[in-house]
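Here is a short briefing on one protein chain. Look at the structure first, then work through the points below.

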Amino acid sequence: MIQGTSSNVGKSVLAAAFCRIFYQEGYQVSPFKAQNMALNSFITITGGEMGRAQVVQAQAAGVEPDVRMNPILLKPTGHTGSQVVIMGKAQGTMSALSYHGEYQRKTWPVVQEALHALLEENEVVIIEGAGSPAEVNLKQNDIVNMRVALEGQVPVLLVADIDRGGALASVVGTLELLEPEERQMIRGIILNKFRGDLALLQPALDFLEQKTGIPVVGVVPYFDHFRIPEEDSVVLEERGTSGTKLKQGGRKDADGEHETDSLSLDHLDIAVIRLPYLSNFTDFDPLEDEADVTLRYVKELEEWGSPDLVIIPGSKNTLADLRFLWESGLAEKIYSVWKEDLPVIGICGGYQMLGKVVRDPLHTESDLEEIKGLGILPMETEFALEKHTVQSRGEVILDSLFLSKCQGEEVQGYEIHMGRSFAEGSPLFQIKGREKVYGDGVQAGSAIGTYLHGLFDNDSLRSALLEWLWERRGEKRSAKRSPSQAAIREQAFNELAELVRKSIDLEKVRHIMGLGSECSR
């Protein structure tokens, strides 16, 4: 089990690394996280919803994502409330105070059943904790950290982010706040995101081992020359909005700031609206992987610039985010640039916002009942209690804009939405999902909207979009082929595994896990 001294120390990525390492060694591997709080989610082939982090870990382990890998998912809809998803099915919205009590205790049997099923079916299960195991105000109803470790009698590796500073104190303090039986479960310490000379760190490692009696099993260096999809949109706060493109390798200068090139004419400028409740931001990772694209997040008019394309992403609170667009002045800006023929794409909640109106009469997401849409797409949306969750596959049928370049080709993705939209006009795609055939999306001028998450993972469609955007500039796109997302993902997993192999004492980890050596496998 991978636990951390705090949130965002790299637990998810390290869990993915261990999933890939043991998968490479021939083990049957599964990830597990009892409870995840995130707006990044995914739909399995059976239509269940689960956290994206465990999907990434499942891909690293070479297995199909399964809702048992993340039996409880909390999707924040406001500052104090979340939609609760249990074993892939939405159960409604609940305040934090209501959830962290009797209701959370009732979910423990669900966690137990999923955990033991995966332990029974797999040779190795890599479990991820949440936040810190030492949050004394939450420990009474814990279902994700030490209670899981004790339930499965699973050895724990404690991870600290040394890039932040204070890592030694956070390790010692975490151990100090644990109960004796909990502390005994921690069998190793990992310092993550290290920059510098390891020799200079050695006195700190010696101190940690002497102070805690627990071995430091590895120091993992900071890396940014390849990307593993992140768990939640907290990482967006670290990304700039000024229209810059990271140099090859994404390196940082001596002051810790990203070295950048000014946005220039050799890059397409794609602006994603940074909604307060933005969800599934990994939809845009494939665009960031393109060498001729600069992708940036915009949350106020001063950051607008001169984009070649504007994208309104998914949202966990569509009405609240639509109100944000109106109050920030971004709604009027998006409408005005669309009238001037600038391309606009709406994904899921962003698709709904581009319509005439969004209604939520049953208050499924917020206290708002109705709010005017941007009025770009000929469509109205009304929310319902039932959530539409499905993996979708179909074909491009619209012969317009960039889609004319890939008409008739396959498109696939997944849908997660409460609302039902009524649109006028021809759909973009003909979709087959759950043995039903239906149209998805609509166009108005230079704007399109769709419910398909993962749209840009379709290599042919993404290439068609970028070629079309270059043609709008009066230029021809470089003949360089767009990278395959599947190939990029596999390469990143393998590079991550190799990096961690070199940084961790794997023989010691195998011993802690009760596994034999790699050569005996």
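Which residues of helix α9 (residues 318–328) are buried? They are T318, L319, A320, D321, L322, F324 and L325. Buried means under 20% relative accessible area, exposed means over 50%, and partly exposed lies in between, with a 1.4 Å probe and protein chains only. This is a predicted model, where local features need pLDDT of at least 70, side-chain atom pairs count only at pLDDT 80 or more, and totals for chains, interfaces and linings use all residues. Residues are numbered from 1 along each chain as its sequence is written, and side-chain values use heavy atoms, with hydrogens and water left out.

**The whole chain**

- The chain has 14 helices and 28 strands. Both are DSSP runs, numbered from the N terminus: helices are H or I with at least four residues, and strands are E with at least two.
- A compact globule of 521 residues would have a radius of gyration near 24 Å; the chain has 23 Å, which agrees. This radius is taken over C-alpha atoms, and the globule rule is 2.2 Å times the number of residues to the power 0.38.
- Along the principal axes, the C-alpha atoms fill a box of roughly 65 × 50 × 40 Å.
- Of the 521 residues, 56% are buried.
- Take the contacts between residues at least 6 apart in sequence: 73% of them join residues at least 24 apart. Contact means heavy atoms within 4.5 Å.

**Surface and charge**

- The chain exposes about 22,000 Å², and carbon and sulfur atoms supply 48% of that area. Accessible areas come from the Shrake-Rupley method with a 1.4 Å probe; for residues, only the protein chains shown count as cover.
- The chain has 53 positive and 77 negative charges, and their mean positions are 1 Å apart. Lys and Arg count as positive, Asp and Glu as negative, while His and the chain ends are not counted. Each charge is placed at NZ of Lys, CZ of Arg, CG of Asp or CD of Glu.

**Positive phi angles**

- Most residues other than glycine have a negative phi.
- N280 is not a glycine, yet its phi is positive, at about 50 degrees. N280 sits in the loop between β16 (278–279) and α8 (285–288).
- N280 counts as buried because its relative accessibility is 1%. Beyond residues up to four places away in sequence, N280 touches L39, N40, S41, Y414, I416 and H453.
- N280 and G314 are 34 residues apart in sequence, and their C-alpha atoms are 6.4 Å apart in space.
- C348 is not a glycine either, and it has a positive phi of about 55 degrees. C348 lies in the loop between β20 (344–347) and α11 (349–353). With a relative accessible area of 5%, C348 is buried.
- G329 comes just after α9 and takes a positive phi of about 85 degrees.

**Buried polar contacts**

- Where is T389? It is in strand β23 (residues 379–396). T389 has a relative accessible area of 5%, so it is buried.
- The side chain of T389 reaches the backbone oxygen of G47 at 2.6 Å.
- R296 belongs to strand β17 (residues 293–298). R296 counts as buried, at 3% relative accessibility.
- The R296 side chain makes a polar contact with the side chain of D269 (2.7 Å). A polar contact is a pair of N or O atoms within 3.5 Å; within protein, one must be able to donate a hydrogen and the other to accept it, and residues adjacent in sequence count only if both atoms are side-chain atoms.

**Two more buried residues**

- V84 is in strand β7 (residues 81–86). V84 is buried because its relative accessible area is 1%.
- Not counting residues up to four places away in sequence, V84 touches nine residues' worth of partners including L73, L74 and Y103.- V84 and N458 are 374 residues apart along the chain, and their C-alpha atoms are separated by 30 Å.
- M146 is found in helix α4 (residues 146–152). M146 has a relative accessible area of 1%, so it is buried.
- Leaving aside neighbours within four places in sequence, M146 is in contact with Q3, P133, V156, L178, E182, M185 and I186.
- The C-alpha atoms of M146 and R183 are separated by 9.1 Å, with their positions 37 residues apart along the chain.
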